[in-house]
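This report looks at how the chains of one assembly meet and at the charged pairs found between and within them. Please keep the sequence and the structure in view while reading.

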Amino acid sequence: MKEEKQLLAPGHRMCAGCGVALSARLCLEAAGEKTIVVVPTGCMEVTTSQYPETAWRVPFIHVAFENAAAAASGVDAALKMMGKREGVNIVAMGGDGGTFDIGLQALSGMFERGHRVTYVCNDNEAYMNTGIQRSSATPYAAWTTTSPPGKKSIGEFREKKPIGYIAAAHGIPYVATATIAYFADYQKKVKKALSADGPAFIHVLTPCPVGWRFPPDRTVEVSRLAVQTGVFPLWEVRDGDIENLRITVKPPERKPVEEYLAVQGRFSHLFKPEKQQDVIDRIQKMVDEKCERYGI
Amino acid sequence: MGAIIDEPGSSVRYKTGSWRVQRPVINSEKCTKCFICAKYCPDGAINPTKDGPVVDYDYCKGCGICANECPMKAIEMVPEVK
Amino acid sequence: MAKMILEGNQALAVGAKLCRPKVIASYPITPSTHIPEMLSEFVANGELDADFINVESEHSAISACIGAQATGVRTFTATASQGLALMHEILYVASGMRLPIVMGVANRSLSAPINIWCDHSDTMAERDSGWMQFYSENNQEALDLVIQAYRIAEDERVLLPAMVTIDAYTLTHTFEPVDVPSQKEVDEFLPPYKPVYAILDPERPITQGSFGTPEYFMEFKYSQQKAMERAKEVIDEVFREFEEKFGRKYGKIEPYRTEGADVILVTLGSMSGTGKEVVDQLREEGAKVGLIKVTVFRPFPAEELREAVRRAKVVAVIDRDISLGFSGAVFANVSASLINEEKRPLLANFIVGLGGRDVRPEDFREIVDKSFRILEAGRVEKPVEWINVSGEVP
């Protein structure tokens, strides 16, 4: 194994065991050094680019929270006009807040206009940079500081927004889901995305030990459990052809969703003081229905 | 100018190893040099070398993912003592 | 040089085209829509070699300009009113990142009630955003100021974005004869854009848009302020060079018949033309009145202004905007510029023409009358007065 210079250098201030940090590393490893990175405001941005030091060994730009896709569109246009577009990748990396919520409009615009940008959403299922507030990526029944469980609440009461489908509905060349545990699958998808002749979107589940309330050594394990339980199926779709969605990692036998929920403190109210079997069953049913569609 | 940072990778000046409360120790006898630990390190703090993985304690934050993921259970997390 | 009949929007678009921006990102909004329309036509018919990005909002327009300019090309956008307000957040980012983006703005009121006509509330609300601001009196100025704005913005001593404004309808949709310089002449005046610091290039990876902690943040703001100060000199240099080359003279302020004037009016934009005519009439009638047109509002030309009003007894600042709860924005700046003068004129503020209400010659006459009454009384009883407005409001 060759010792390579990390394109995301150590010394960054992301938390111990951060799934986003690992995702960014894996993504850049696959993309290579001829990559321009565009990042919206969020955990990754504040922890990697604190003046006067940067963790980035590739060109990097951050503009604001809701506009990474628009800024990336500008980068694409400029490179084209400079005659420097060939051989250079543009990768935007946003969190779930900057992608599912506040950045969705700019993202849709970038997809629709057909900019050759690979947009990677590192989804940790809440606003972690501001302290674990609910986003439209927060899953059903999860605790966050703004979806707290209580006498009249089971935590987040809505289902996660299907961002991958929304991306695919634009008919863009490549859309996939990925997660850090399955790095080979993820990195292959990054390469496919970058070779697409147009916009590509990769939705990466990146567990957050701080926000999901699990010990930092379990980040990869939780990411793996998400796939093994069918909570987060790994798939890819070309040209918006959702009918021909392809499952890329098929768990040999689906584990009960309870295993995934039980390791995360954000679901602890489903287990104590009393176990809320009905809620767990409902989540299991939601996952079963989805997996049946995928043949998992 | 404009808060531009023109020294790529200069974050290496910031040693995150001081955050650590436990350190990974690799048992080289058990290690098969699969380098899964290096692959999964969020901080790029495990260098794959021909003699096996080497932890860079200047940057290792002690998260323990390497120990948890090692298929040979060749990494032990040991409390940091001052 | 060719004479063309252009509306203000077209003058801005033609001016921008002559500057050869490589990326244009713009979103339609009344009354600036003709600007992106015309530019996209230039791109479509091959007259302008640029990438026109049909963004989905003004927020994305300015964000795409930042992405492109930070990569290393000259950019342009145009907007008005609500569109500029939607850009607000990103305007600060553009100036903080020291990207010399140039934007055309059609000055239009801000909602509510929604209104598509002229006042200066939209750009005045952005006076603290770190953008230079150039206000046009007519369509010729719009074209000339765009060309000069690029030179000034891109100067290494400045590196700040700039907006060039034209009044809604009075200029945007009004045709006037405009001298249009040839491409060759403009190329000689404005060299191709060479980014100094901001370049996204894998051969030389830099980080732009970093996170600034309290130890560093203030120095970056201070450096923007210094750049604004330096811009004052650069503006003079560029204006001088432009005059030599094109024969049209610009100043940060333009004093009009201020010699021996007891009362001086201060105006911005197209109303200056009406004001000058009234000054001419009043001078004929023997009134000692003059006018100062402010062309550059940011950086604010405090020194020139102090000098120009030195002998005046009353300065009447006419604002086509209102900072609700206080005064017009121009008045606040003019007053602050004079505050440390031992001998300073009496200062009065007149709010006019909001939401497209005409600023008529009789309004100027009323303001002048009131100013002379202030002069006689030796004091200002009502520092902020609204002109041509019904007093009967709830």
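## Strands that pair across chains

Two strands are said to pair if DSSP finds at least two bridges between them. With that in mind, and remembering throughout that this is a predicted model, one can turn to β2(A) and strand β9 of chain C, residues 207-208, which are joined by two bridges and run parallel. Which residue of β9(C) is the bridge partner of A:F60? The partner is C:T207.

## Where chain A meets chain C

The pairing of strands belongs to a wider contact, in which 39 residues of chain A touch 39 residues of chain C. About 3,000 Å² is buried between chain A and chain C, and carbon and sulfur atoms give 66% of that area. On the side of chain A, the residues that lose the most area to chain C are A:Y51, A:M81 and A:R113, which together account for 21% of what that side buries.

Polar and charged groups also take part in the contact. Between chain A and chain C there are 13 residue pairs in polar contact, both residues of each pair being at pLDDT 80 or more, and the count of salt bridges between these chains is three. One of the salt bridges between chains links A:K80 with C:D51, where the closest N and O atoms are 3.1 Å apart. The elements of chain A that give two or more residues to the side touching chain C are β1 (35-39), α2 (43-48), β2 (60-62), α3 (68-82) and α5 (104-113). Of the side of chain A that touches chain C, α3(A) supplies the largest share, with 11 residues. Sorted by class, this side of chain A has 21 nonpolar, 11 polar and seven charged residues.

## Where chain A meets chain B

How many residues does each chain bring to the contact between chain A and chain B? Chain A brings 39 residues and chain B brings 32 residues. The area buried between chain A and chain B is about 2,900 Å², and carbon and sulfur atoms give 57% of it.

Three salt bridges are counted between chain A and chain B. The side chains of A:R224 and B:E69 form a salt bridge, with a distance of 2.5 Å from N to O. There are also 22 residue pairs in polar contact between chain A and chain B, with both residues at pLDDT 80 or more. On the side of chain A that touches chain B, the elements giving two or more residues are α1 (19-31), α7 (183-195) and α9 (219-228) of chain A. The largest share of this side comes from α1(A), which gives five residues. By class, the residues on the side of chain A that touches chain B divide into 19 nonpolar, nine polar and 11 charged.

## Salt bridges within the chains

Over all chains, the count comes to 59 salt bridges. In chain A, the side chains of A:R116 and A:E86 meet in a salt bridge at 3.3 Å from N to O. This pair links distant parts of the chain, since A:R116 lies in the loop between α5 and β4 (118-123) while A:E86 lies in the loop between α3 and β3 (89-95), 30 residues apart. A:R116 is partly exposed, with a relative accessible area of 23%, whereas A:E86 is exposed, with a relative accessible area of 66%.

A salt bridge also joins the side chains of A:R134 and A:E156, at 2.7 Å from N to O. A:R134 lies in the loop between β4 and β5 (149-150) and A:E156 in the loop between β6 (153-154) and α6 (163-168), so the pair ties together parts of chain A that are 22 residues apart in sequence. Is A:E156 buried or exposed? A:E156 counts as buried, at 1% relative accessibility, while A:R134 is partly exposed, with a relative accessible area of 24%.

In chain B, B:E7 forms a salt bridge with B:R13, and the closest N and O atoms are 3.0 Å apart. B:E7 counts as partly exposed at 39% relative accessibility, and B:R13 counts as partly exposed at 44%. In chain C, salt bridges that share partners join C:E137, C:E141, C:E254, C:K276 and C:K293 into one network.

How values were computed
Residues are numbered from 1 along each chain as its sequence is written. Chains are lettered from A and ligands numbered from 1 in the order in which they are written. This is a predicted model: local features need pLDDT of at least 70, side-chain atom pairs count only at pLDDT 80 or more; totals for chains, interfaces and linings use all residues. Side-chain values use heavy atoms; hydrogens and water are left out. Contact means heavy atoms within 4.5 Å. Buried area is the accessible area (1.4 Å probe) that two parts lose on being put together, summed over both. A salt bridge is a side-chain nitrogen of Lys or Arg within 4 Å of a carboxyl oxygen of Asp or Glu. A polar contact is a pair of N or O atoms within 3.5 Å; within protein, one must be able to donate a hydrogen and the other to accept it, and residues adjacent in sequence count only if both atoms are side-chain atoms. Helices (H or I, at least four residues) and strands (E, at least two) are DSSP runs, numbered from the N terminus. Ala, Val, Leu, Ile, Met, Phe, Trp, Tyr, Cys and Pro count as nonpolar, Asp, Glu, Lys and Arg as charged, and the others, Gly among them, as polar. Buried means under 20% relative accessible area, exposed over 50%, partly exposed in between (1.4 Å probe, protein chains only).
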